[in-house]
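Trainee: I am new to this structure, so please take me through it slowly and tell me what each term rests on.

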Amino acid sequence: TRRSSDLTERAVSHFKKLRQSRAMAVPTGAVPMGTQSGVMSASIPVREVREVPAREQSAAQPLPRKEPMSAKVQTSGGRPSAVAGGEIQLANDGENRYEKLASIGSGGMGTVYRARQVALNREVALKEIRDLFGFFSEDQRNEIVRRFTDVVRAWGNLAHPNILPIHDVNLYTEFPNVVTELAPNGSCRRLINDAEEIPVELVFKYLLQTLHALRAAHAQRVYHRGLKPEQLLIDGYGNVKVSDFGFTRIVERDHAVIRQIYVGMGNVAYMAPELYSDPMTSGPQGDIYALGIIFYELLTRKLPGRRSPMPSQMNPNLPRGIDDIFDRMTRDSRSERYATVDDILDDIDKLDGMESLLGSGDRVLVGDSPMASIKFRPGAEEPLVGTPVDSDGEDGDKKAGHRPYSFRRNKKI
């Protein structure tokens, strides 16, 4: 009996050593890597194994294992790119890969930070869903994360010079976040509120750029559904880049999981009439209506009303015929509104004086940044100063109210 017991112990020890040696022999490159729609960080369950001294191996002690971690692989334009240092960076979330520098805006979804991507040593925008969860239950939170995943995947697969690109996304953390290009010149809201004057030619260029961005998105059956000046961001060259495609879908009431109406998203001033009764029917015409309102606001600094003057009455330098385009973009009835972006572009091409207004060399994309010549009121010259973030990643000033992206006036860091 004693001999059989010894044989059993030796057999158990042998198989434990064999399992340990096999675990140590698995190369890290053999871990299968998958991407999420080509634009998101791949979540790869891996196990990290430390070397075991010979003394411990002889005692047949099991190897300590760490919890599964996520390997973050940076992607761009739907194609995997090289990882800095040629190694997979392991981390539980984006905290080790992104350093929050300042809070530059907040809204119904959460907070936008100016952050530093550590591996590439570049500044990016990090949008974090945080405040939103305080309004919903745990079951509703899971549904919101699922919708957030669908939305950023659809947005991340759009590729156009006037659509803000997604660099990364982190879904499996307490507060999901999306990382995008940083637009250093703020948003069109900043122009409307703080610029001393907005040149007419710049308004038309931004109208055209936004139309082309929507045209590319609509071709992929991706609709913005919540367009407003805060989402028309201005890059370092003075071009508009549209952001936050589909974000209003995240909190839409479905009478099943999300039963209450969340008023923190969108803006009624830019909503097409049909969205009040049935948000699920939103399509190209909802985006066209919102852009017409934004176009009027950029031209006049005012939101249009029932008895508001037409654009040419507010600014006699506008090309003849622009009133008809604005009117048709913002008709209450969808049957009277433009059906597609292409229809608007065709009518703009027919306007007299557009060549002299826009110039022939940079009709859509801007060559030299026009922002350099625009004067802003005192205190609003630098759009991305933001609120400093403390060591815990929280805003230094919790009393500040919601402000649009790139429109928070604070002291320099």
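Trainee: What makes a pair of residues a contact, and which residues does Phe204 contact when its neighbours within four places in sequence are left aside?

Mentor: A contact means heavy atoms within 4.5 Å, and Phe204 has such contacts with Phe295, Leu318, Pro319, Ile322, Met354, Leu357 and Leu358, leaving aside its neighbours within four places in sequence. This is a predicted model, in which local features need pLDDT (the predictor's confidence in each residue, from 0 to 100) of at least 70 and side-chain atom pairs count only at pLDDT 80 or more, whereas totals for chains, interfaces and linings use all residues. Residues are numbered from 1 along each chain as its sequence is written, and side-chain values use heavy atoms, with hydrogens and water left out.

Trainee: What makes a set of residues a nonpolar core, and which members of the largest one touch the most other members?

Mentor: A nonpolar core is a set of buried Ala, Val, Leu, Ile, Met, Phe, Trp, Tyr and Cys residues joined through side-chain atoms within 4.5 Å, where buried means under 20% relative accessible area, exposed means over 50%, and partly exposed lies in between (1.4 Å probe, protein chains only). The largest such core holds 69 residues, and Phe148, Leu191, Phe204, Phe245 and Phe247 touch the most other members. Helix H5 (residues 200-219) gives this core its largest share, 11 residues. A second core, separate from it, has seven residues, including Tyr98, Tyr113, Val124 and Leu126.

Trainee: How do you know how far helix H5 should reach, and is H5 mostly covered or uncovered?

Mentor: Helices (H or I, at least four residues) and strands (E, at least two) are DSSP runs, numbered from the N terminus, and the expected span of a helix is 1.5 Å times one less than its number of residues. For the 20 residues of H5 that gives 28 Å, and the model's 29 Å from first C-alpha to last is close to that value. H5 is mostly covered, with 15 of its 20 residues buried, and just after H5, Arg221 takes a positive phi of about 60°.

Trainee: Why is Thr149 counted as buried or exposed, and where does Thr149 sit?

Mentor: Thr149 lies in helix H3 (residues 138-156), and its relative accessibility is 11%, so Thr149 counts as buried. Its C-alpha atom is separated by 7.1 Å from that of Leu171, although the two are 22 residues apart along the chain.

Trainee: What makes the status of Ser243 and of Arg328 buried, partly exposed or exposed?

Mentor: Ser243 has a relative accessible area of 4%, so Ser243 is buried; Arg328, at 35%, counts as partly exposed. Ser243 is in the loop between S11 and helix H6 (274-277) and touches Trp155, Leu164, His224, Gln231 and Leu233, not counting residues up to four places away in sequence. Arg328 is in helix H9 (residues 322-329) and, by that way of counting, touches Glu336, Arg337, Tyr338 and Asp347.

Trainee: How do you know that strands S6 and S7 pair?

Mentor: Two strands pair if DSSP finds at least two bridges between them, and strand S6 (residues 110-117) is joined to S7 by eight, with the two running antiparallel. One of the partnerships sets Tyr113 against Leu126 in S7. S6 and S7 form a hairpin with four residues between them, and Asn121 in the turn has a positive phi of about 50°. S7 is also joined to strand S9 (residues 177-181) by five bridges, again antiparallel, and there Leu126 has Val179 as its bridge partner. Strand S7 (residues 122-129) is mostly covered, as six of its eight residues are buried.

Trainee: In what order do the strands of the open sheet stand, and why are S8 and S12 said to be at the edges?

Mentor: Six strands form the open sheet in the order S8-S9-S7-S6-S5-S12, with antiparallel pairing. Strand S8 (166-170) and strand S12 (387-388) each have a single partner strand, so one side of each is left without a neighbour in the sheet.

Trainee: Where is the predictor's confidence lowest and where is it highest?

Mentor: Confidence is lowest in strand S2 (residues 75-76), with a mean of 34, and highest in strand S11 (residues 240-242), at 97. The protein averages a pLDDT of 74, and 63% of the residues score at least 70. Over residues 397-413 the pLDDT stays under 50, and the model has 59 contacts beyond four places in sequence for them.
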